[in-house]
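Let's work through a few exercises on this structure. Try each task yourself before reading its solution.

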Amino acid sequence: MAEQNYDLTIIGGGPVGLFAAFYAGLQELHTQVLESLPDVGGQVSALYPEKKILDVAGFSGISGQELVDRLREQMTLFPVTVKTSQTVANISGQLGDFTITTNGGVTHSKAILITTGNGAFTPRKLAVENAASFENEHLWYFLPKLAHFANHDVMVAGGGDAAIDIALMIEPVAKHVYLMHRRNEFRALPHSVTSLNTSSVEQMTPYLAQGLAATSDGRLDVDLKEMKTDHHRTITVDDLVVNFGVISDHAVFENWELQFEQKHQQIAVDSTMQTSVAGVYGAGDAINYSGKVALIATGFGEAATAVHSAAFAIDPHHHGPVHSTSVHLPDK
Ligand SMILES: Cc1cc2nc3c(=O)[nH]c(=O)nc-3n(C[C@H](O)[C@H](O)[C@H](O)COP(=O)(O)OP(=O)(O)OC[C@H]3O[C@@H](n4cnc5c(N)ncnc54)[C@H](O)[C@@H]3O)c2cc1C
């Protein structure tokens with residue numbers, strides 16, 4: 001395959017990578033996006049396509065998938081090369097000539113923007129011996145379509161924002177929803193906890209799932225142990241949705257020739273979003289700095305800053321920030 005040269009390579013096609021690609025188009029950078037999954041959208045498409053997102057500027061509520069669809073549409077206002085099912089296995093070189101190796105081949109880029117989120121994410125699994133035998137039948141780590149839960153008894157396990165979001169998402173269609181957590185308190189935004197407390201979701205705390213068994217009528221018995229006691233109870237459900245977070249696979253960076261300073265296992269950046277390697281930038285969940293908030297909204301801002309910085313590093317005479325209204329869209 002012929003080697004290709006780009007101004008900017010964006011590694012990771014989650015929401016932040018997609019917005020960065022649009023911004024790079026605005027800056028007239030010849031850009032490629034490399035995404036390891038078969039489709040773009042990152043955590044939003046993979047983990048919560050049907051959730052209503054409330055905190056993206058300009059939208060009082062937008063489903064995850066609609067946000068991704070709109071980002072894709074916005075990105076393609078300008079020419080951009082998007083390569084899916086391509087995992088970046090190595091990057092080497094320096095500002096002006098980086099070499100990027102994926103399972104699809106080798107490309108060259110003057111600058112790089114890392115928007116890999118939590119890496120190739122794998123859900124943290126339920127520590128119950130026979131759990132794997134129920135996966136994708138009664139036990140879910142990635143949500144199926146909401147319609148699947150219609151009239152079902154559903155238990156959601158987990159104590160963070162995402163677990164509460166999932167329980168509240170399923171509640172309107174399900175017969176009954178339990179939210180089970182091993183602590184009495186949920187680690188979630190006050191607004192989420194208030195919504196939970198005013199919903200019909202039955203909170204079961206502090207419990208730990210210790211066993212799973214199929215019932216004779218094709219349902220699932222979940223054996224729950226009360227924390228710090230020997231008290232057990234069994235709840236029969238149709239579905240158990242486990243949201244214990246995802247295991248971030250930043251090990252991927254460890255194999256790259258270029259190494260970056262890290263902060264709490266994420267890539268450290270300065271205020272221009274540059275990593276410790278000149279010409280390599282970061283944005284979104286992949287990066288960390290003092291006061292970092294891991295939200296889509298913050299990732300969008302970081303992406304704009306990173307693209308401006310990259311454009312300037314590639315060409316110091318590059319014009320500064322432009323307003324999108326002053327740009328003529330290319331004829332399609
Ligand atoms: C259940 C849940 C609910 C949430 N709700 C909200 C909310 O309401 N509002 C909000 O603002 N945020 C929310 N978040 C957080 C939000 O989803 C993240 O902040 C956002 O997805 C970060 O976007 P990103 O593009 O940085 O990373 P990601 O979405 O993680 O995308 C990174 C992409 O990079 C790809 N990738 C990784 N490694 C490689 C590699 N080596 N080569 C090529 N590609 C690679 C991955 O496959 C992935 O597609 C929620 C998160 C969860 C889990």
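Below are four exercises, each with its solution in steps. This is a predicted model, where local features need pLDDT of at least 70, side-chain atom pairs count only at pLDDT 80 or more, and totals for chains, interfaces and linings use all residues. Residues are numbered from 1 along each chain as its sequence is written, and side-chain values use heavy atoms, with hydrogens and water left out.

**Exercise 1.** Find out how many residues surround the ligand and sort them by class.

Step 1: Gather the residues with a heavy atom within 4 Å of the ligand. You should get 34, with Glu-35, Gln-43, Tyr-48, Lys-51 and Ile-296 as the closest.

Step 2: Sort that shell into 15 nonpolar, 14 polar and 5 charged residues. Here Ala, Val, Leu, Ile, Met, Phe, Trp, Tyr, Cys and Pro count as nonpolar, Asp, Glu, Lys and Arg as charged, and the others, Gly among them, as polar.

Step 3: Look at the helices (DSSP runs of H or I, at least four residues, numbered from the N terminus). H1 (15-26), H2 (42-47) and H4 (161-170) each give the shell at least two residues, and the largest share, 3 residues, is from H2.

**Exercise 2.** Pick out polar contacts of the ligand (pairs of N or O atoms within 3.5 Å).

Step 1: Start with side chains. Asp-55 has a polar atom 2.9 Å from a ligand nitrogen, and Asp-285 has one 2.9 Å from a ligand oxygen.

Step 2: Now try the backbone. A polar backbone atom of Val-16 sits 3.1 Å from an oxygen of the ligand.

Step 3: Check the cover, using Shrake-Rupley accessible areas with a 1.4 Å probe. The ligand taken alone exposes 1,000 Å², and the protein buries 93% of that.

**Exercise 3.** Describe how the two domains meet.

Step 1: An automatic or database assignment sets the bounds: domain 1 is 4-121 + 248-326, and domain 2 is 124-244. Their C-alpha centres are 33 Å apart.

Step 2: Count the contact (heavy atoms within 4.5 Å). Domain 1 puts in 7 residues and domain 2 puts in 8.

Step 3: Add up the buried area, meaning accessible area (1.4 Å probe) lost when two parts are put together, summed over both. That comes to about 620 Å², 60% of it on carbon and sulfur atoms. On the domain 1 side, Leu-47, Glu-50 and Lys-51 lose the most, together 70% of what that side buries.

**Exercise 4.** Locate the cis peptide bond.

Step 1: Go to Thr-205 and Pro-206, which this bond joins with omega about -15 degrees.

Step 2: Place Pro-206 in the loop between S13 (202-204) and S14 (207-214), where strands are DSSP runs of E, at least two residues.

How values were computed: Polar contact = N/O pair within 3.5 Å; in protein donor to acceptor, adjacent residues only side chain to side chain.
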